[in-house]
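Dear colleague,

Please find below the structure that I am handing over to you. My notes on what was found in it follow directly after.

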Amino acid sequence: RSYSVTGVQTCALPIFEKEKYKKELKLARDMQMKLLPQELPEIENYDIAAYTKPAEEVGGDFYDMGQLKNGKYCILIGDVSGKGISAAFYMAQLKGIVLAVAKESESGRDLLVRLNDTLYGNMDKRMYITLSAIVIEDRAGSLTLARAGHLPGLMVGGGKCELIKPPGLGLGLKENGFFSKYISEQKFSLAENEALVLITDGVNEVRNETGDELGLNNLKLFLENQVYITSKEYIGGINEYVTKYMGNNIQHDDITIISLVYKGEVQ
């Protein structure tokens with residue numbers, strides 16, 4: 001007999017070895033979760049929350065939040081191609097590189113260019129990373145988004161949902177001379193109680209019991225018909241919507257959601 005471990009067929013193992021493997025995977029998951037922020041910093045006039053759920057014991061989704069060289073806060077959300085152990089390895093590597101270069105970077109675009117410069121040539125050629133960098137420019141709702149092949153941001157408010165999608169390539173695919181030519185930033189502003197929602201493709205690519213994919217347009221329509229005020233309400237509402245859509249189907253990819261709500265200037 002044989003069985004599959006993260007998609008690889010292997011010979012059947014004795015029960016005690018299977019249990020050992022399960023324990024090692026659980027330890028790996030615990031360590032990986034500790035690489036993600038345990039708490040997000042509080043930023044005046046903004047309400048921020050994040051949620052992640054791996055499809056397997058370990059996964060390749062990534063999010064973080066820190067300060068750039070100019071002191072501005074930058075939110076990162078990303079996804080390593082594939083899932084399981086190999087994706088988790090590159091996710092951990094990305095965390096270390098972000099810590100090293102964020103404080104040298106002046107903008108989200110600058111950070112992504114520096115990350116690509118480090119990753120290109122040092123990754124398996126079959127792997128790449130999509131990543132978005134969102135910079136909080138001021139306390140008045142101004143944001144800047146740079147996107148290295150990641151899903152668009154969803155700006156939600158007033159019964160509308162707009163996709164924020166500046167151009168850009170995934171990290172690790174091309175050398176920096178090429179990469180830097182195709183990545184740019186988009187600046188936009190949130191009005192009071194408007195939100196920016198960021199997801200990984202485990203959200204929009206979830207499938208129902210008949211195999212139909214949820215899709216970004218359905219998520220967009222869903223958000224246009226909701227009235228949420230807090231970041232946790234956005235995350236809870238999206239989770240409930242995705243879970244209901246899946247029905248009894250299983251989660252096939254890692255899910256990560258970040259919501260950023262502008263609360264208006266404190267009087």
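To begin with charged side chains: how many salt bridges does the count come to? This is a predicted model, and in it the count comes to 7 salt bridges.

One of them joins the side chains of Glu137 and Lys72, with an N to O distance of 2.6 Å. This pair links distant parts of the chain, 65 residues apart. Glu137 belongs to the loop between strand 6 (129-136) and strand 7 (142-148), while Lys72 belongs to the loop between strand 4 (61-67) and strand 5 (73-80). Lys72 is partly exposed, its relative accessible area being 28%.

A second group is centred on the region of helix 3. The side chains of Glu104 and Arg114 form a salt bridge at 3.5 Å, N to O. Here Glu104 is in the loop between helix 2 and helix 3 (108-119), whereas Arg114 is in helix 3 itself, and the two are 10 residues apart. Arg114 also meets Asp110 in a salt bridge, at 3.2 Å from N to O. Both Arg114 and Asp110 lie in helix 3, 4 residues apart, which is about one turn of the helix. In general, an α-helix has 3.6 residues a turn, so residues three or four places apart point the same way. Taken together, Glu104, Asp110 and Arg114 are linked in a network of salt bridges.

How accessible are these residues, buried or partly exposed? Glu104 is partly exposed, with a relative accessible area of 42%. Arg114 is likewise counted as partly exposed, at 31% relative accessibility. Asp110 counts as buried because its relative accessibility is 19%, and buried means under 20%.

As you may wish to know about cysteines, the count of disulfides comes to 0. Cys74 counts as buried, at 3% relative accessibility, and Cys161 counts as buried at 4%.

I turn next to the sheets. One open sheet has 5 strands in the order 4-5-6-7-10, and the pairing is antiparallel. Which strands stand at its edges? They are strand 4 and strand 10 (185-189); each has a single partner strand, so one side of each is left without a neighbour in the sheet. The twist from one strand to the next averages 20°. Within this sheet, strand 6 and strand 7 run antiparallel and are joined by 6 bridges. Ile134 stands opposite Leu145, which is in strand 7.

Two helices may be described together with this sheet. Helix 2 lies across strand 4, strand 5 and strand 6, and runs at about 5° to strand 4. Helix 3, which carries Arg114 and Asp110, packs on the sheet as well, touching strand 5, strand 6, strand 7 and strand 10. The direction of helix 3 makes about 150° with that of strand 6.

Helix 2 (residues 85-101) has 17 residues. From its first C-alpha to its last, helix 2 reaches 25 Å, close to the 24 Å expected at 1.5 Å a residue. Its buried residues are Ala87, Ala88, Tyr90, Met91, Leu94, Lys95, Ile97, Val98 and Val101. A lysine, Lys95, is thus among the buried residues of helix 2.

There is also an open sheet of 5 strands with the order 3-12-11-8-9, again with antiparallel pairing. Strand 3 (46-53) and strand 9 (160-164) stand at its edges; each has a single partner strand, so one side of each is left without a neighbour in the sheet. Neighbouring strands are turned by 20° against each other on average, direction ignored. Strand 8 (residues 153-157) pairs with strand 9 in the antiparallel sense over 5 bridges. The bridge partner of Gly157 in strand 9 is Lys160.

Which helices pack on this sheet? Helix 6 (residues 216-224) touches strand 8, strand 9 and strand 11 (195-199), and its direction makes about 140° with that of strand 9. Helix 7 (residues 231-246) touches strand 3, strand 8, strand 11 and strand 12 (255-262), and its direction makes about 145° with that of strand 12.

With kind regards

Definitions and conventions: Residues numbered from 1 in each chain as written. Predicted model: local features only at pLDDT ≥ 70, side-chain atom pairs only at ≥ 80, totals over all residues. Heavy atoms only, no water. Expected span 1.5 Å × (residues − 1). Buried < 20%, exposed > 50% of the residue type's maximum accessible area, 1.4 Å probe, protein only. Salt bridge = Lys/Arg side-chain N within 4 Å of Asp/Glu carboxyl O. Disulfide = S-S within 2.5 Å. Pairing = 2+ DSSP bridges. Axes fitted to C-alpha atoms, helices over the stretch in contact; angles between N-to-C directions. Contact = heavy atoms within 4.5 Å.
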